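Ready for a few warm-up exercises? Take a look at the structure below, try each task yourself, then read through the solution.

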Amino acid sequence: MINPDKHFMQRCIELSQLSIDNGDAPFGSLITKDNKLIAEGINAANTKVSEHAEITALHNAHQIMGTSDLSGYTLYTSSEPCPMCSFMIREYKISRVVFALPSLYMGGYSKWKILQDTDLTKFNLFFGKPPEVIGSFMEDEAKQVMEGTIFWMFGKDPKENS
């Protein structure tokens, strides 16, 4: 594999298109360990509001690995995790997060700072250390899937809803 980040983000973008094809929001996520795919997730929030792609991928990884301590794992996602997903990332103790589209209005990294909150580590029985975060990775490619959807608010330069 030449560039694992690019390979796995491309898969997240494919998953976000699959989510649209399934009638849901355009979000896809996956979990890796040592550059090996562990679990995937697409949005299913139309049927259950908490079923964001990141949470689905985290739950799937938990089921596959038999642990909720995912230290040393990377979560890839087509869009910046929201606050709910960001807390779950911290609770599963994910070590690295790579996202494509920033979420300036709802982001758990850029707006709410959950992914980098060091105070959460005071509760180390529940929360992992702040993960390494790489944002806006393959943003242009992920934005193409968003075109034609109602999700105008994603990206570094979101267009105003008109």
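**Exercise 1: Two helices side by side**

H1 and H4 are roughly parallel to each other, as their crossing angle shows. Keep in mind that this is a predicted model.

Task: Find how the axes of H1 and H4 cross, and which residues meet.

Solution:
- Start with the axes: those of H1 and H4 come within 10 Å and cross at roughly 5 degrees.
- Angles under 35 degrees count as roughly parallel, so H1 and H4 fit that label.
- Now look at the residues. From H1 come Ile13, Ser16, Gln17 and Ile20, and they meet Glu141, Ala142 and Val145 of H4.
- Sort the residues of this contact by type, and you get four nonpolar, two polar and one charged.

**Exercise 2: The two sides of H4**

Task: Work out which residues of H4 are buried, and which are exposed on the other side.

Solution:
- H4 covers residues 139–146, and its buried residues are Glu139, Ala142, Lys143, Val145 and Met146.
- Those residues cover an arc of only 155 degrees around the axis, which means that they sit on the same side of H4.
- Turn to the other side of H4 and you'll find Asp140 and Gln144 exposed.
- What do the buried residues of H4 pack against? Their partners are helix H1 (4–21), strand E3 (73–79) and strand E4 (96–101).
- One last stop: just after H4, glycine 148 has a positive phi of about 85 degrees.

**Exercise 3: A cysteine pair**

Task: Explain why cysteine 82 and cysteine 85 don't form a bond.

Solution:
- Look for the cysteine sulfur closest to that of cysteine 82: it belongs to cysteine 85, and lies 3.7 Å away.
- A disulfide needs the two sulfur atoms within 2.5 Å, so the sulfur of cysteine 85 is too far from that of cysteine 82 for a bond.
- Count the disulfides in the structure and you get zero.
- Are these cysteines buried or exposed? Cysteine 82 is buried, with a relative accessible area of 17%. Cysteine 85 counts as buried too, at 0% relative accessibility.

**Exercise 4: Around threonine 32**

Task: Place threonine 32 in the structure and list what it touches.

Solution:
- Threonine 32 is found in strand E1, which spans residues 28–33.
- Buried means under 20% relative accessible area, so threonine 32, at 3% relative accessibility, counts as buried.
- Leaving out residues up to four places away in sequence, threonine 32 touches Phe8, Leu37, Ile38, Tyr73, Thr74 and Tyr76.

How values were computed. Residues numbered from 1 in each chain as written. Predicted model: local features only at pLDDT ≥ 70, side-chain atom pairs only at ≥ 80, totals over all residues. Heavy atoms only, no water. Buried < 20%, exposed > 50% of the residue type's maximum accessible area, 1.4 Å probe, protein only. Helix = DSSP H or I, 4+ residues; strand = E, 2+ residues; numbered from the N terminus. Arc of directions from axis to C-beta. Contact = heavy atoms within 4.5 Å. Axes fitted to C-alpha atoms, helices over the stretch in contact; angles between N-to-C directions. Parallel < 35°, antiparallel > 145°, perpendicular 65-115°, else oblique. Nonpolar A, V, L, I, M, F, W, Y, C, P; charged D, E, K, R; others polar.
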